[in-house]
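The following exercises are to be worked through with the sequence and the structure at hand. Each task is followed by a solution in steps.

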Amino acid sequence: QPLQDIGGWLNEEMVDIFGDYARLMYQVFGDSVKDWITFNEPWVVCWLGYTGPNAPGINSPPEMPYQCGHTLLKAHAISYHIYDREFRATQNGRVGITLDSGWYEPATTQPADIQAAERALRFRHGWFGFPVFFGDYPAEMRTYIDQASLDEGRNTSRLPSFDAGWKFLLAGSTDFLGLNHYTTDMATNGNRGQPGWQGDQAVNTYKDPSWPGSGSSWLKVVPWGFRKLLNWIYDTYNRPEIMVTESGTSESYDAGLNDVDRQYYFTHYINNMLKAVVLDGVNVTAYTAWSLMDNFEWAQGYQERFGVHYVNFTDPARPRTPKASAGTLTRIFADNGFPPQA
C-alpha cells in the first residue's frame, strides 16, 4: 500500500524501487533459483488494473495504462541488467518475463480483417513484447495512438516514448519468454472507439458462439488458436525460447471432481502445443497447467474453479481432492505427450 500511495506504477520512482527489490531477491535466492520472471501479465496489471476491477481498481484516464506499462517495462529492463552485471557470472541463472495473450483470428480473408487481427496481436502481446525484444513499441501502436492523441487535441501522445538509452536497455532484455494463454478471439477491422487501449486499435473482437465455453465468460476453448499463437510469437520475435507459464480452463463453483471439460482442454491444448514443437519447429521448453488447485481468482474470488485439485472452501481445513484432470495431466506428463496406441 505505501507504494500505491506514491502513485504505484504511474510513478517512475518505482523503476529504482523495483530494481532494489530484484537485487535483494537475487542475493537471497539466487543460489537456488535459476529462472527468474520479473513480471507476470503486465497487460493485466496495467489495463485491467487501471480500467477495471483488478487491483489497484482505478478507473483512470486513458493515458494512465500506457504510463503504467512504460514504467513497468523500465523496471523490467533495470532488473534484467542488474542480474546481468552483478549475478549472472556467479549464479548462472536467467531472467525473463511472462506476457499473456490470446490468439486473434481474422474473421474473413479480407485484407482489412487480416491486418486488424495482426494489429490486435501487436496491441496485446506486442505492447510489452516488442520493447523487450526490439527496444520500442510496435509501429502500429505508435501510429494509432499518436493520431488519436492529436485528434483529441493533445500536445503529446498518450503513449510515452523511450529515449535512446532506454531503447538500448530494453532491446534483448529477456533470456526466455513466458507465455500465459487461455483462449482465442475473432477479429474484424473497425473504427476507433473510446480513447484507451481497447478503442485505440480500431479492432472489433468476438467469440464464435460454436466454441465450447467454460466457467468464465471470457474463456472459450479453442485449441488450434494455441498453436497459431506459438508460431506467431516464434516468428515475430526471431525464435525465442518459450515457456508456457499458464494454460487452463475454469468451471463454476458448483462443479465436482469429474471435470471432463478440463480433461478435453488439456488434452487438445497440449496436443496443439506439441504440433507447434514437432511439426512447426517452435522452441517450447515448458508447459505449466493452471492451476494446481482451486484458488482465489482475481475479482471473481472463489466462484470460478481452475484447479486440477478440488478445494472445499466451506471446510475450515480446506481439504484438497484430485479431480479427473489431475490424472489426465499425470499421464500426459509421464508419457511426454501422446504415444501411439497399441
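**Exercise 1.** Leaving aside its neighbours within four places in sequence, which residues is tryptophan 127 in contact with?

*Solution.* The model under study is a predicted one.
Step 1. Neighbours within four places in sequence are set aside.
Step 2. The residues then in contact with tryptophan 127 are Trp43, Cys46, Trp47, Pro65, Tyr66, Leu73, Arg122, Tyr137, Pro138, Met141 and Trp197.
Step 3. Turn to the largest nonpolar core, which has 72 residues. Trp127 is one of the four members that touch the most other members, together with Trp9, Leu230 and Tyr287.
Step 4. A second, separate core has nine residues, including Ala22, Tyr80, Ile82 and Phe87.
Step 5. As a general background, nonpolar side chains in soluble globular proteins tend to be buried together.

**Exercise 2.** Describe how helix H4 (64-86) packs against helix H7 (residues 126-134).

*Solution.*
Step 1. Geometry: the two helices pack at an angle of about 35°, and their axes are 11 Å apart. The crossing of H4 and H7 is right-handed.
Step 2. Residues: H4 contributes Pro65, Tyr66, Gly69, Leu72, Leu73 and His76 to the contact, while H7 contributes Trp127, Phe128, Pro131 and Val132.
Step 3. Character: eight residues of the contact of H4 with H7 are nonpolar, two are polar and none is charged.

**Exercise 3.** In what order do the three strands of the open sheet stand, and why is one side of S3 and of S6 left without a neighbour in the sheet?

*Solution.*
Step 1. The order is S3-S5-S6, with mixed pairing.
Step 2. Strand S3 (103-106) and strand S6 (203-206) stand at the edges and each has a single partner strand, so one side of each is without a neighbour in the sheet.
Step 3. On average, neighbouring strands of this sheet are turned by 40° against each other, direction ignored.
Step 4. S3 and strand S5 (residues 184-189) run parallel and are joined by four bridges. Proline 106 has alanine 187 in S5 as its bridge partner.
Step 5. Helix H6 (residues 111-124) packs on the sheet and touches S3, S5 and S6; the direction of H6 makes about 170° with that of S3. Helix H11 (residues 223-236) lies across S3 and S5, at about 100° to S3.

**Exercise 4.** Which peptide bond leads to proline 56 in the cis form, and which leads to serine 291 in the cis form?

*Solution.*
Step 1. Most peptide bonds are trans.
Step 2. The bond from alanine 55 to proline 56 is cis, with omega near 5°. Proline 56 is placed in the loop between helix H3 (42-51) and H4.
Step 3. The bond from tryptophan 290 to serine 291 is also cis, with omega near 5°. Serine 291 is found in the loop between strand S9 (284-287) and strand S10 (304-305).

**Exercise 5.** Is glutamate 41 buried or exposed? Where does glutamate 41 lie? Treat arginine 318 in the same way.

*Solution.*
Step 1. Most residues other than glycine have a negative phi.
Step 2. Glutamate 41 has a positive phi, near 55°, and is placed in the loop between strand S1 (35-40) and H3.
Step 3. The relative accessibility of glutamate 41 is 8%, so glutamate 41 counts as buried, the cut-off being under 20%.
Step 4. Arginine 318 also has a positive phi, of about 50°. Its place is the loop between strand S11 (309-311) and strand S12 (320-322).
Step 5. Because its relative accessibility is 32%, arginine 318 counts as partly exposed.

Terms used: Residues numbered from 1 in each chain as written. Predicted model: local features only at pLDDT ≥ 70, side-chain atom pairs only at ≥ 80, totals over all residues. Heavy atoms only, no water. Buried < 20%, exposed > 50% of the residue type's maximum accessible area, 1.4 Å probe, protein only. Pairing = 2+ DSSP bridges. Axes fitted to C-alpha atoms, helices over the stretch in contact; angles between N-to-C directions. Contact = heavy atoms within 4.5 Å. Core = buried A, V, L, I, M, F, W, Y, C linked by side-chain atoms within 4.5 Å. Left-handed = near helix turned anticlockwise from the far one by under 90°. Nonpolar A, V, L, I, M, F, W, Y, C, P; charged D, E, K, R; others polar.
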